[in-house]
Structures are given as C-alpha cells and as structure tokens.
Amino acid sequence: MSKAQRDIKIEHSAQAAARTATQIFKEITTKAIERRGVCHISLAGGTTPRRLYELLAETSTTDEVPWSRTEVFFGDERDVPLDDVDSNYHMVQRTLLDNAPVDWSRVHAMRADAEDIDAAAEEYEATIRHLLPPDDEGIPQFDLMLLGLGGDGHTASLFPGCEETLNETEKLVTSCYVPVLGRRRMTITFPVINASRQVLMLITGNDKAEIVKRLFGEGDESLPAGRVTPRHGNMTVVLDADAARLL
Ligand code: 6PG
C-alpha cells in the first residue's frame, strides 16, 4: 500500500495514542451504525490495546459507542482456555467487555483451545461469513479491523516463516503452529484483513521503534504486517513517540 494511503498519527505518549485510537474507534462505529444499523469489529490481543480498551470502557466513551448493535470478533487467539490469563478474549473481557453494555450474544470468541482447532477455525469463518456483509469481491467486510504489531513484524497471528498461513488466499480464518512460540494459534488471514472498510493499527513502546522503522520508514513488505494493504484504502496507524522515534 502506498504511504499516501496510510494515515500515520504520532502522539507524544502511549496514553495519548490510546486516546486518539479511542476517538477513531468511536467515529467508525457510530458511522457504521448510522449507515447500516450494525457494526462489525475485529479486536487485537496482546498488551498494547489494553489502554484503548480501558478508555473505551470509561463511562463517557461507553455511552458514545453503540455497543448493543456491535458484533465483536477477535483477530487471533492463543491455544488456551478463554479464562486463561494468556487468552486475548480474557484480556478484552476484563478491560472492556465486562465494563461496557455489550450484547453478549454478539461477542464471538475464537476457540483456539478446541480439541479440533481446524474445525473451530472453520466454524469461526462460517460465523463471519453469515454475519458480515460482503465487499465488492464477496469477502465479508469488517467496519473496523484493529491490529497490533509484533517486534518481528507479525500482526494478528500472522508470523514470519508461517508461509502457508501468510499466503492463504481462500480461508478467512485458519490455525497455524508458530515455531517461535512452540504453540498453535488461530488467526484471521489477509483476505479478510484487506477487505476491511477501515484498518486501525495501534503501536506503542520503545521496543517497537526498530520494526516501525522497517515497516513504515523503509516500506519492508517482506514483513507479514507489510501485507496489510486494505483494498478499500483506509488505514490509520497510531504511534506514540517512542515507537516512532526512528522514523
Ligand atoms: C497477540 C496479538 C498480536 C499482537 C502483537 C503485539 O495475540 O499477541 O494479537 O498480534 O498484536 O503480538 O503485541 P503487544 O501489543 O503485546 O506488543
């Protein structure tokens, strides 16, 4: 994706970056509801989005997000039970979902702890296909795809070296063994990421400066996150000064 199509916002602190992301989140969700009466979002795991989720859970913001008409999905999940401290669902539940007026029937956890993770991935994909409207190429379209960035350039659970998963063109959700972790993951794939109406990537912290420079400063498209090129052109990257210090 050309840099011109990426809107990069650099904030002075991680908290300011989370506040900017909160504003963008509110704008996207309210616009989706105004236009279509429902909003479809995919949330990121890890640690970076915690501040965003905590801000979204604060009363003022909660009132401004149409949670009762928002379908909540997850971009990836670890192969642990949903109540495990390592679960992305668990993190989102504790920071956001337990503190916002969500419709729990519209919260869709990824069951990467399932006995048959491949069947669980197929089931998750079927739910996405059933609930989301298709884009101009017939791919289910999220209104908001929230992503993070790993220090190795992964996003969701699309890791360097996992070529079959990175090159997946048909499946929207798949499972993969990640050698560097020694664990399996469930993840959405690039076809559904790149069909999204809006991608929001939130990256903070000094430890991300090098990978941010490679990805956005040098345009290193060999990195998995370099393949995030939303076809509908809307991608916003929100950074704090620490993560952006080498740009
Ligand atoms: C996960 C995430 C993953 C995350 C990056 C960054 O399951 O870990 O979905 O893609 O966004 O690893 O993680 P941090 O925010 O913890 O740096």
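A search of the whole structure, which is a predicted model, turns up zero disulfides. As a reminder, a disulfide is a covalent bond that joins the sulfur atoms of two cysteines. A helpful case to look at is Cys-162, whose sulfur has its closest cysteine sulfur in Cys-176, at 5.2 Å. Two cysteine sulfurs count as a disulfide only within 2.5 Å, so the sulfur atoms of Cys-162 and Cys-176 are too far apart for a bond. Cys-162 is also buried, its relative accessible area being 9%. Cys-39 is another buried cysteine, and here the relative accessible area is 0%.

Attention now turns to the ligand. The space that the ligand takes is the largest pocket. Around the ligand stand 15 residues, and the closest of these are Thr-48, Asp-76, His-154, Ala-156 and Lys-208. By residue type, the shell around the ligand is made up of nine polar, four charged and two nonpolar residues.

Several contacts can be followed atom by atom. Two threonines with consecutive numbers take part through their side chains: an N or O atom in the side chain of Thr-47 lies 2.7 Å from an oxygen atom of the ligand, while for the side chain of Thr-48 the corresponding distance to a ligand oxygen is 2.6 Å. Ala-156 takes part through its backbone instead, with a polar backbone atom 2.6 Å from an oxygen atom of the ligand. On its own, the ligand has 410 Å² of accessible area, and the protein covers 89% of it.

Definitions and conventions
Residues numbered from 1 in each chain as written. Predicted model: local features only at pLDDT ≥ 70, side-chain atom pairs only at ≥ 80, totals over all residues. Heavy atoms only, no water. Near = heavy atom within 4 Å. Polar contact = N/O pair within 3.5 Å; in protein donor to acceptor, adjacent residues only side chain to side chain. Areas by Shrake-Rupley, 256 points an atom, 1.4 Å probe, with all protein chains shown as cover. 1 Å grid on protein atoms, 1.4 Å probe; cavity = no way out; pocket = protein on both sides within 12 Å on 5 of 7 lines; lining within 4 Å. Sits in = over half its atoms within 2 Å of the grid points. Nonpolar A, V, L, I, M, F, W, Y, C, P; charged D, E, K, R; others polar. Buried < 20%, exposed > 50% of the residue type's maximum accessible area, 1.4 Å probe, protein only.
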